[in-house]
Amino acid sequence: MAAISRDEVAHLARLSRIEMSDAELDHMASELDVILGAVARVQEVAANDIPPTSHAIALHNVFRADVVKPSLTPEESLSGAPATEGPRFKVPQILGETE
Amino acid sequence: MTNIYSTAAQMSAALATKEVSSVDLTQQHLDRIAKVDGDVHAFLHVDTDGALAQAEAADKLRAAGGAISPLAGVPLALKDVLAQKGIPTTCGSKMLENWRPPYDSTVVTKLKAAGVVILGKTNMDEFAMGSSTENSAYGPTHNPWDLDRIPGGSGGGSSAALAAFEAPLAIGTDTGGSIRQPAAVTGTVGVKPTYGGVSRFGLVAFSSSLDQAGPCARTVLDTALLHEVIAGYDERDSTSINQAVPDVVAAAKRHDVKGMKIGVVKELGGDGFQAGVSQRFQEALDILVANGAEIVEVSCPNFEYALAAYYLIAPSEASSNLARFDSMRYGIRIGDDGTVGAEEVMRATRHLGFGPEVKRRIILGTYALSSGFYDAYYGSAQKVRTLIKRDYERAFESVDVLVSPTCPTTAFKIGEKADDPLAMYLNDIATIPVNMAGIGGMSLPCGLAPEDNLPVGFQIMSPVMQDDRMYRVGGTLEAALVSKWGAPLLSADTKLAVK
């Protein structure tokens, strides 16, 4: 049985906000199936008593003083924006008309 | 006579005695780029005016007699994943085509402060995902030793620029081998410092717990000189290590390994490694023994699971990090015709803006992090990470450094593995464990494989914040090899595919 189905890939693509053609979905599903088969090996040694490591060098509570420092101007912050309106990012409609 | 074939250390000395000016040296490299980069395609952007202006500033500073960094006025190639204010920074992706950052990464700030001249931005696999530079949206980089072959990846542009004598210094980033593997297949030197040793501020994130910027050059000493410039604590990177940088330059100059214990990792060699790679690796070990080091075999049994764990952890972090490319604040925007909502615009933009490998990893990472699969995949991978760290800790109890071949093979042909993601991933089998444990790793050339006359890389691994140890071993090995060969692997006499 395949580790991952075409429908699951379509669902993941929706969650990831990536449009995919039927051909892309077919190709991706077969490739991911092979890759997942290979990476599933981690389960062979991942025993219950082994703690997980999220970072190579464990650091905790990295704080700095809450002091304002020079930063980007509004113009600089907006300099790479696809669209702007005044000192703001201009974006397509986010909510539906009925919401 | 100082020219493009000189080392950065030689250039530094010639600049100090005014034998050559930085403007002259920079112009020589710009001419070289104009001559060969049509074939190599190491650069995505050459900042001719900016580089010459920086060179002029470095010359003025020297003329004024002020305190100056050894590398002031020496040219460098910068991987296109690091932000440089006002200069295109694409990460090899259509998504960031024409994006010009409004700020400098900390690495660039440090380079500028040292007076290093930034020639331009180098090609890479899109968002640093790949081992061949074939995943760049702007076309592949070609290996200067054989233009039909890959220069490694993701930092193939930086290493190819060094091998083609387009720059004496370069910056790379290494998440699973992206500095060391390109160094190995181009006959150059590359170092992944201890995680946290060089700031990640302004490095466009792929996998934040693994990404590390580092120095690349043609010699161990040049690499150390650059390491010294870019390393150090940065409060703008929350994972930066607040400790003194080890004296890597002194270590590179030491040329002595007497009494050092060097562990050969049993699991990173043998079956699956090209015969010429194993042969040159073994000869290098013999040289280290002749220089007074003791070689012992060490077993790291969990390394065989490192590749699998990496291809869960890195895509998981990537799926989160790359969510920022939503077409709202920077980058391209597709399909915003006023009739559709933001979500549809995001979907269309990410469809066209990302290439196949990036999409594959985002989908894989989203899957590994989804409820129901999290424990089996991401959770298990994090446990494997613990096991790999323990393997290293146990090994470093009895040896000073660990060594292995950097890659299983020499440079393969462009297109050879493009349709087989798993075969491509196997290139990184010996480099990935280093990133998983956050330790330091270096690749330096140990000769050409007899069967194909292509460079072989020798990898040295050192414990956290003991980066000087790999420079000590690397510097000693390099000196002995160059004395045996009569000349460095890359010199004016080397027969490259570009003249």
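**Exercise 1.** In this predicted model, find the residue of chain A whose side chain meets Arg360(B) in a salt bridge, and place this pair within the interface.

*Solution.* Start at Arg360(B): its side chain forms a salt bridge with that of Glu31(A), with 2.6 Å from N to O. That distance can be checked against the cut-off, a Lys or Arg side-chain nitrogen within 4 Å of a carboxyl oxygen of Asp or Glu. Next, widen the view: chain A and chain B have six salt bridges between them, along with 22 residue pairs in polar contact, both residues at pLDDT 80 or more. On the chain A side, α1 (6-15) and α2 (22-39) are the elements that give two or more residues to the surface touching chain B. The largest share comes from α2(A), with nine residues. Finally, sort that side of chain A by class: 35 nonpolar, nine polar and eleven charged residues.

**Exercise 2.** How many residues of each chain are in contact, and how much area do the two chains bury?

*Solution.* Count first: 55 residues of chain A touch 64 residues of chain B. Then take the area: about 5100 Å² is buried between the chains, and 66% of it lies on carbon and sulfur atoms.

**Exercise 3.** Now stay within chain B and describe how α9(B) and α16(B) are oriented to each other.

*Solution.* Take helix α9 (residues 275-290) and helix α16 (residues 467-485) of chain B: their axes are 10 Å apart, at an angle of about 105 degrees. Angles of 65 to 115 degrees count as roughly perpendicular, so α9(B) and α16(B) are roughly perpendicular to each other. Then list the contact: α9(B) brings Glu283(B), Ala284(B), Ile287(B) and Leu288(B), while α16(B) brings Val473(B), Leu477(B), Ala480(B), Leu481(B) and Lys484(B). By class, this contact has seven nonpolar, two charged and no polar residues.

Definitions and conventions: Residues numbered from 1 in each chain as written. Chains lettered and ligands numbered in written order. Predicted model: local features only at pLDDT ≥ 70, side-chain atom pairs only at ≥ 80, totals over all residues. Heavy atoms only, no water. Axes fitted to C-alpha atoms, helices over the stretch in contact; angles between N-to-C directions. Helix = DSSP H or I, 4+ residues; strand = E, 2+ residues; numbered from the N terminus. Parallel < 35°, antiparallel > 145°, perpendicular 65-115°, else oblique. Contact = heavy atoms within 4.5 Å. Nonpolar A, V, L, I, M, F, W, Y, C, P; charged D, E, K, R; others polar. Buried area = accessible area lost by both parts, 1.4 Å probe. Polar contact = N/O pair within 3.5 Å; in protein donor to acceptor, adjacent residues only side chain to side chain.
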